[in-house]
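User: Please take a close look at one part of this model for me. I want one connected account.

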Amino acid sequence: MAFAKNVWKLLVAIKDGLSLIFLLLFFAVLFAILTARPSPAGVKDGALLMNLDGFIVEERTPIDPFSALLSGEAPTGEHDVQEVVHALETAAEDERIKAVVLDLREFLGAGAVHLREVGAALDKVRAADKPVLTYGTAYADDGIRLAAHADEVWLDPLGGALIAGTGGQRLYYGELIDKLGVNARVFKVGTYKSAVEPYQGNSMSAPARENAQALYGELWSEWQERVKKARPKIDIDRAALTPADWIESANGDLAQAAKDAGIVDTLGSWTAFGERVAEIAGEDRGDKTPGAFAHTGFAAWLADNPFDESGDRIGVVTIAGEIVDGDAGPGTAGGDRIADLLDDALDDNLKGLVVRVDSPGGSVLASEAIREAILRHKAMDIPVAVSMANVAASGGYWVSTPADRIFAEPETITGSIGIFAVLPTFEQAASNIGVSSDGVTTTPLSGQPDFIGGLNPETEQILQASIENGYDRFLRIVSQSRGKSPAQIDAIGQGRVWDGGTARQNGLVDQFGDLNDALAWVAGEAGLESGDWHPRFLGSGDDEFQTLLSQMLVGDDDAERAGGDLFALTARRQAQTPARIAQDMQRLIESPGMRAYCLGCPEQPRAVRNVPPAVDGGWMTVLARFFAN
């Protein structure tokens, strides 16, 4: 009896101990969450300091704590472009801000449209007689375009700058797939639908090369024009066309070469840069670190300057990243998630809707689910506009078709009207290891698709017919939207990718303009006066857990960062190559149904954190299930 009492006391003690531990953990996490939120009290008179480490994106990808833990590294930073622009525009009008400082030491890039939007906001700061200063250790194309809008561009004496221009290489797996004994069976419509080419051969086809040369040529011209307009003294031809001679003329000193070409203004350390900022914005008297200057961090500034929420609401739904079946996102456009956001807002008395698209497309099924959800808003007799960001191609164009008006930028990449699917079979690989397939069938579809024995002609014919039917549907949707015949759309379709300027000429886009232009148009159509409305971003809102993770893993945006030279910048970008290879292989192996995806579009800069899970869905998967059953 005494033994039982002792055991019971031990169990009670363990229970009480665990309860105390969990209680302490709860309050520790609660305290961390509350203190992780930036406070408006952190705003000081001085400079607005924006550490743009990582990428500027349309929609941030949530941090996966388990992936971050397993990798042992802090996740790559992402900055919402709307927040960046809002911070700059409010800083231009606030007397507390004397200057804007961009720390670009770990800046990895942004899409062309995002760079234009941020550059325009920087111009507003300068127009308010507030200097903009940037500091970097490695300026590449995106950093150069952003820094071109600054009054003073500083570079670490051990750093450098290089102009690579648009274009580049992509990976082709044709020979590898052959060696592995995999038969990548491709079903597609579109002469220029190059998304499947990496699985078919080892080089770019002639039509794909023709399309890419035209597209990259226009984007390169646009980049040069924007940079020269913002920074007339820059010598782009010298740095871009004869880079070896340019560097040799400076005896291999990359930093001096950058200054000679007018890419940067001053070579100096971070401390010297800080002393220069202190001359404009004042010293930070509470910080004895050499070069410390009075400043307010990006997060604290946003906390002190929230978005206006007065007046009527115009909904904004963001479709960013690959369009996939299911609830994925943000940062990935899960069809069900976005459709639910739109349906939940049907009772919100929205006066209009703007669809912000920054997506190369993806699943046809998910794209159609989003399109139908947008149409439900349109059926409420409210104006609907589409604002295209960096890319709105293939499925990204599919979801744009309900719009009353489509806005894009000259650098926007759009079009890619085409359909494809890839279905791998393994008959050769199986044969190589002595595995074969045999059995009894009662119809041509019995046992199909046979991934070991291969597809029979009837199965291939049915799958190709379904793809062609999907393409015809795509043509009809676009033709009805744009007021053209299917034949006219087919002439500019076939999977061809267009820059925004050409897309405006051929009728795929109505006019040039950014998100604000699209919002203003919708407000005008809804009869709303300026100041009587505000955008309501569907699904947005602070996530306390994400804020805590960002604070813990990425760090405080006031903290000094180490940066890196051009070699380090290249290494950080190349470090994401394995994840992109994994995505390519996933698209082949998982075969997630019919795809309206623009793999031929220039890759948009963003962190590659998680490979989006492919959820069973799409007509190809439905057919596969039918055959398998």
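Which residue in β3 is the bridge partner of F55?

Analyst: The bridge partner of F55 in β3 is E78. A word on the source: this is a predicted model, where local features need pLDDT of at least 70, side-chain atom pairs count only at pLDDT 80 or more, and totals for chains, interfaces and linings use all residues. Residues are numbered from 1 along each chain as its sequence is written, and side-chain values use heavy atoms, with hydrogens and water left out.

Now the strands (DSSP E runs of at least two residues, numbered from the N terminus; helices are H or I runs of at least four). Strand β2 covers residues 54-57 and pairs with β3 in the parallel sense over 3 bridges. Two strands count as paired if DSSP finds at least two bridges between them.

The wider sheet is open, with 3 strands in the order β3-β2-β5 and parallel pairing. Its edge strands are β3 (78-80) and β5 (107-110), and each pairs on one side only. Neighbouring strands are turned by 25° against each other on average, direction ignored. Axes here are lines fitted to C-alpha atoms, for helices over the stretch in contact, and angles run from 0 to 180 degrees between N-to-C directions.

Two helices pack on this sheet, as follows. Helix α3 (residues 81-93) touches β2 and β3, and its direction makes about 65° with that of β3. Helix α4 (residues 112-127) touches β2 and β5, and its direction makes about 105° with that of β5. Contact means heavy atoms within 4.5 Å.
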